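Got your viewer ready? Load the model, switch to a cartoon view and follow along stop by stop.

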Amino acid sequence: MLGIKYPIIGAPMFLVSYEELTIAVSEAGGLGMFPLPNYRTLDDLKKALGEIRQRTDKPIGVNIHLSGKFPWQDQLTACLDAGVNFFITSLGDPRLIIDDVHKSGGKVFADVVSLKHGLRARDNGVDGLVAVGVSAGGHGGVIPTLILVPYLLKETGLPVVAAGGISTGEQMAAAMCLGACGVITGTRLVATHEAVAKKEYKQAIIESGPHDIVCTDRLTGNRSSWIAKSIKGIESGPDLKSKKWTEMWSAGQSVAQINEILPAGEIIREMAVDCQKTLKKTAEHYNNLL
Ligand SMILES: Cc1cc2nc3c(=O)[nH]c(=O)nc-3n(C[C@H](O)[C@H](O)[C@H](O)COP(=O)(O)O)c2cc1C
């Protein structure tokens, strides 16, 4: 559907995924993405797209916010001009962009955390859904990925990308067995050389276990997951433009599987290879049982 080698999407991450991470993921055979709010001005966005396009001709994607807080029309034009062919919408009506994206051969998926969201997105004409499970970094829902993916597949009939709790090839294999058409990995990519994150943040991802992650709606108004010690004493989220966001470290429970800071490309390739090995080993195991 997207012309990528491996069905692995590098999650768009606020204040974390910029040009370097996007290029590294796409060059490794996945789909590199970034969220448009990472660039404060249209010029900054155009510069970043120019830089990416100079260094890779592979497919890339963006997360576009359609709530009205951002100049999405100009952002969309800049992205389409740069050949962006995959859009994940969050907040707002995907119908605003679908025709233009389709005209240029791209696809629009919507982040959803429930069946209600999934059905609404389907009625609005999206090409597929991103099922964001409870254990995801950033904003997640309350339903485990293991339940949400097959639920959305069955009830909406749309292609579903699995998000939340996927940091390894084994976890990816589990998602593919559920029928997901691909996976998104976010938390894993924070601990990479290319992520724009403080050393302390990357180190905290490595040192944390699932019990160090708290999920709260007090910071953004929606449920989001954080490394507990980074939001201690913070009662509400700062203004979107505040530097304080870089002191607050979002991560999901799959910190459990992250032990090393690595180049992003290595992670994508290893995930793809391990996924294939796991599927093969599991098939052999069951063939022997039956
Ligand atoms: C630090 C961080 C920032 C994120 N920011 C965004 C964002 O700006 N837009 C978005 O659609 N998702 C965002 N997410 C969610 C990811 O796109 C993705 O759905 C999630 O990370 C997948 O779960 P995982 O972290 O368990 O891999 C963010 C996640 C993290 C960890």
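What follows is a short walk from the whole chain to a few helices and two loop residues.

**Whole chain**

Keep in mind that this is a predicted model. With everything displayed, the protein chain shows 10 helices and 11 strands. Its C-alpha atoms fill a box of roughly 60 × 45 × 40 Å along the principal axes. A compact globule of 290 residues would have a radius of gyration near 19 Å, and the 18 Å of this chain agrees with that. Colour by burial and 46% of the 290 residues count as buried. If you count contacts with a separation of 6 or more, 62% of them come from residues 24 or more positions apart.

**Helices 1 and 2**

Select residues 19-27 for helix 1 and residues 42-55 for helix 2. How far apart are their axes, and at what angle do the two pack? The axes are 10 Å apart and the angle is about 30°. Since angles under 35 degrees count as roughly parallel, helix 1 and helix 2 are therefore roughly parallel to each other. Helix 1 passes helix 2 in a right-handed crossing. Now show side chains: E19, T22 and I23 on helix 1 meet A48, E51, I52 and R55 on helix 2. The residues of this contact divide into three nonpolar, one polar and three charged.

**On to helix 3**

Keep helix 2 on screen and add residues 72-81, which are helix 3. This pair packs at an angle of about 15°, again with axes 10 Å apart. That makes helix 2 roughly parallel to helix 3. The crossing here is right-handed. For the contact itself, pick L42, L45, K46 and L49 in helix 2, which meet D74, Q75, A78 and C79 in helix 3. Sorted by type, the residues of this contact come to five nonpolar, one polar and two charged.

**A loop residue: A136**

Next, jump to the loop between strand 6 (128-132) and strand 7 (138-139), where you'll find A136. Is A136 buried or exposed? A136 counts as buried, because it has 32 C-beta neighbours inside 10 Å, and 20 or more is the cut-off. Leaving out residues up to four places away in sequence, A136 touches A163, G164, G165, G186, S225 and G252. Try a distance label to S225: this residue is 89 residues from A136 along the chain, yet their C-alpha atoms are separated by 7.1 Å.

**Helix 7**

Select residues 169-177 for helix 7, then highlight its buried residues: G169, Q171, M172, A173, A174 and A175. What do these buried residues pack against? Show strand 1 (8-10), helix 6 (145-156), strand 8 (160-163), strand 9 (182-185) and helix 10 (264-289) to see their partners. Just past the helix, stop at G179, which follows helix 7 and has a positive phi, near 105°.

**Last stop: A180**

A180 sits in the loop between helix 7 and strand 9. A180 has 25 C-beta neighbours inside 10 Å, so it counts as buried. Switch on V149, V160, V161, A162 and A175, which A180 touches once residues up to four places away in sequence are left out. To finish, draw a distance from A180 to S208: the two are 28 residues apart along the chain, and their C-alpha atoms are separated by 28 Å.

Key: Residues are numbered from 1 along each chain as its sequence is written. This is a predicted model: local features need pLDDT of at least 70, side-chain atom pairs count only at pLDDT 80 or more; totals for chains, interfaces and linings use all residues. Axes are lines fitted to C-alpha atoms, for helices over the stretch in contact, and angles run from 0 to 180 degrees between N-to-C directions. Helices (H or I, at least four residues) and strands (E, at least two) are DSSP runs, numbered from the N terminus. Angles under 35 degrees count as roughly parallel, over 145 as roughly antiparallel, 65 to 115 as roughly perpendicular and the rest as oblique. A crossing is left-handed if the near helix is turned anticlockwise from the far one by less than a right angle, and right-handed if clockwise. Two residues are in contact if their C-beta atoms, placed from the backbone, lie within 7 Å. Ala, Val, Leu, Ile, Met, Phe, Trp, Tyr, Cys and Pro count as nonpolar, Asp, Glu, Lys and Arg as charged, and the others, Gly among them, as polar. The radius of gyration is taken over C-alpha atoms; the globule rule is 2.2 Å times the number of residues to the power 0.38. A residue is buried if 20 or more other C-beta atoms lie within 10 Å of its own, exposed if 12 or fewer, and partly exposed in between; C-beta atoms are placed from the backbone.
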